[in-house]
Amino acid sequence: MLQRKPRIVVLAGDGIGPEVMNCAMSVLRKLLSRVSDIEIDILQMDAGANSYLQTGTALSEKVIECISNSDGVLLGAMGLPNVRYPDGTEIIPQIELRKIFSLYAGVRPIRLLPGAITPLSDVRVKSLDFTIIRESTEGLFAHMNEGKVENNQVAEDKLEITREASERVFDFAFRLAENRKKLGYPGKVTCIDKANVFKSMAFFRQIFEERAVFFPNIITEVQYVDAAALNLVLRPWDYDVIVTENMFGDILSDLGAGLIGGMGMAPSGDIGDKIAVFQPSHGTAPDIAGMGKANPTAMILSLVLLLEWLSNQGFGEAFNEGAKLVDIAVCKAYQKKTLFPYEVGGNDGTQVILNQILEYL
Ligand code: ATP
């Protein structure tokens, strides 16, 4: 076990980012005051659209250096629709971080909390608990700043799939399925692609099938993305681990969030070999920023993922126990109180949801 405290960098960001981050910090403070075996050095820093307005840089060298020396990052949300670089592109440092630190596995757990609102009425939805792994360094995002429009007539973007990035993300998905299998999940990985139309996607599927051979205890299946969109609504409980290209993962993980009560319920981790960034799956939600309507659950569950990561990085079982305590508090808040967040048409805002979670913690 490592004999030092983990160092985490906290980037609240823009829009509802600081609102939900304040909630995660309240939860973390309460946890630290209750569990003496958990100690963390927290470094709060500025990055994002507001930072760009104030300092001329959205992601400073200093922030990048501190992240390089950190054991994990907690991020709120970044970017504002009306704050752009001179060339008109949006400020999205969270995507730059994925490239800089090779955060290749976008982990998006889709779990329906007991008592949470879902648009599905089939009783089987109660067992909804799968994870989407979104390849996060290439695919349609590989050349995202290089797209062009010629003569106002033809637009072009490029999708790139490499063997190296595909192998590492498939192996990540297979290892996750192995670990889940030990906990009683089916041990299945579904590769979602469009191999029937695109060469790049056929290559993606070919590499998936090559890597599957090294994980004989894992069930594998392949689906086209259009069929997967249908299945994700009709029978999402059949999935265990999904692995897919960057853009497909971007879209399908929002669909997954819809199944479990909205963006405010969906945590995520962007994981590389050394560095990991944990953040809610949602963006800065400018339409509700400053109104007290943001659901902090996704942010708090991202803190849970960070605590689990720190435990796996060798900082001790106490971090795992801490993660469980927070997770149980979140589950109880929904199960016992029937929380009804704004996002699904209710009136429970940021503070009400936070208070419930703190009470059960
Ligand atoms: P990005 O492109 O950065 O992912 P986006 O513009 O696609 O962002 P979000 O900012 O995620 O979208 O917002 C999508 C919708 O979900 C908005 O209507 C927003 O209000 C809602 N939303 C997002 N996060 C939350 C939250 N935590 N609580 C309540 N509603 C949310």
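**View 1. The shell around the ligand, by class.** Five nonpolar, five polar and two charged residues make up the shell around the ligand. The model shown is predicted. Ile-16, Met-263, Ala-285, Ile-288 and Ala-294 are among the residues surrounding the ligand. So are Gly-264, His-282, Gly-283, Thr-284 and Asn-295. Asp-287 and Glu-343 also belong to the surround.

**View 2. Polar contacts of the ligand.** Gly-283 places a polar backbone atom 2.7 Å from an oxygen atom of the ligand. At Asp-287 the side chain takes part: one of its N or O atoms is 2.9 Å from a ligand oxygen atom. Asn-295 uses its backbone, with an N or O atom 2.8 Å from a nitrogen atom of the ligand. On its own, the ligand has 620 Å² of accessible area, and the protein covers 62% of this.

**View 3. The open sheet.** The sheet is built from 10 strands with mixed pairing. Read across, the strand order is E2-E1-E3-E12-E11-E4-E5-E10-E8-E9. Strand E2 (41–45) is one edge strand, and strand E9 (219–224) is the other. Each of these pairs on one side only. Neighbouring strands are turned against each other by 20° on average, with direction ignored.

**View 4. The pairing of E5 with E10.** Strand E5 spans residues 129–135, and strand E10 spans residues 241–244. The two strands run parallel and share four bridges. One residue to look for is Ile-133, whose bridge partner in E10 is Val-243.

**View 5. Helix H7 across the sheet.** Helix H7 covers residues 225–234. This helix lies across E5, strand E8 (188–193), E9 and E10. Helix H7 runs at about 105° to E9. E9 is also an edge strand of the sheet.

**View 6. Helix H9 on the sheet.** Helix H9 (residues 297–315) packs on the sheet. Helix H9 touches strand E1 (7–13), strand E3 (72–77) and strand E4 (105–111). Strand E11 (267–271) and strand E12 (276–280) are touched by helix H9 as well. The direction of H9 makes about 160° with that of E12.

Terms used. Residues are numbered from 1 along each chain as its sequence is written. This is a predicted model: local features need pLDDT of at least 70, side-chain atom pairs count only at pLDDT 80 or more; totals for chains, interfaces and linings use all residues. Side-chain values use heavy atoms; hydrogens and water are left out. A residue is near a molecule or strand if one of its heavy atoms lies within 4 Å of it. A polar contact is a pair of N or O atoms within 3.5 Å; within protein, one must be able to donate a hydrogen and the other to accept it, and residues adjacent in sequence count only if both atoms are side-chain atoms. Accessible areas come from the Shrake-Rupley method with a 1.4 Å probe; for residues, only the protein chains shown count as cover. Ala, Val, Leu, Ile, Met, Phe, Trp, Tyr, Cys and Pro count as nonpolar, Asp, Glu, Lys and Arg as charged, and the others, Gly among them, as polar. Two strands pair if DSSP finds at least two bridges between them. Axes are lines fitted to C-alpha atoms, for helices over the stretch in contact, and angles run from 0 to 180 degrees between N-to-C directions. Contact means heavy atoms within 4.5 Å.
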